[in-house]
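Please look over the model shown here before reading the report that accompanies it.

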Amino acid sequence: MDIVTAIKKLLNDETGVTAIEYGLIAALIAVAAVTVMGTVGTDLSSTFNTIAGDL
């Protein structure tokens, strides 16, 4: 097998592509979840402090 054939075979090999895609999707979901939880946590803390002050 010469180098050109090996490179063509490597470029056409799609083994592991699905796992990489799932990993990227999981990372995106994790970033979104952390961002939302941080925002909700701050808002929730503010709400509890307001309620505690009113009581």
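The report below goes from the overall form of the chain to its surface and then to single residues.

## Overall form

The coordinates come from a predicted model, and in this model the protein chain has two helices and zero strands. The radius of gyration of the chain is 24 Å, well over the 10 Å that the globule rule gives for 55 residues, so the chain is more spread out than a compact globule. The dimensions of the C-alpha trace can be read beside that value, since along its principal axes the trace spans about 80 × 15 × 10 Å.

Helix H1 is made up of residues 3–12, while helix H2 takes in residues 17–54.

## Exposure of the chain

Of the 55 residues in the protein chain, 0% count as buried, a class that is reserved for residues under 20% relative accessible area. The chain exposes about 5,000 Å² in total, and carbon and sulfur atoms supply 70% of that area.

## The nonpolar patch

A nonpolar patch on the surface is formed by Val36, Val40, Leu44, Phe48, Ile51 and Leu55, which together have about 640 Å² of accessible area. Two of these residues can be described individually. Val36 belongs to helix H2, and because its relative accessibility is 49%, Val36 counts as partly exposed. Ile51 also has its place in helix H2, and with a relative accessibility of 42% Ile51 is likewise classed as partly exposed. Both values can be set against the limits of the partly exposed class, which runs between 20% and 50%.

## Exposed residues in the two helices

Leu10 is part of helix H1, and its relative accessibility of 62% means that Leu10 counts as exposed. Val31, by contrast, sits in helix H2, and Val31 too is exposed, having a relative accessible area of 54%. The cut-off that applies to both residues is a relative accessible area over 50%.

## Distances along the chain

Three pairs of residues relate separation in sequence to separation in space. Leu10 and Leu24 are 14 residues apart in sequence, and their C-alpha atoms are 22 Å apart in space. For Val31 and Asn12, which are 19 residues apart in sequence, the distance from C-alpha to C-alpha is 31 Å. Ile51 and Asp13 lie 38 residues apart along the chain, and a distance of 59 Å separates their C-alpha atoms. These distances may be read together with the span of the C-alpha trace along its principal axes, about 80 × 15 × 10 Å.

Methods
Residues are numbered from 1 along each chain as its sequence is written. This is a predicted model: local features need pLDDT of at least 70, side-chain atom pairs count only at pLDDT 80 or more; totals for chains, interfaces and linings use all residues. Side-chain values use heavy atoms; hydrogens and water are left out. Helices (H or I, at least four residues) and strands (E, at least two) are DSSP runs, numbered from the N terminus. The radius of gyration is taken over C-alpha atoms; the globule rule is 2.2 Å times the number of residues to the power 0.38. Buried means under 20% relative accessible area, exposed over 50%, partly exposed in between (1.4 Å probe, protein chains only). Accessible areas come from the Shrake-Rupley method with a 1.4 Å probe; for residues, only the protein chains shown count as cover. Patches are made of residues with over 30% relative accessible area and no salt bridge: like charges are joined within 9 Å, nonpolar side chains (Val, Leu, Ile, Met, Phe, Trp, Tyr) within 5 Å. A salt bridge is a side-chain nitrogen of Lys or Arg within 4 Å of a carboxyl oxygen of Asp or Glu.
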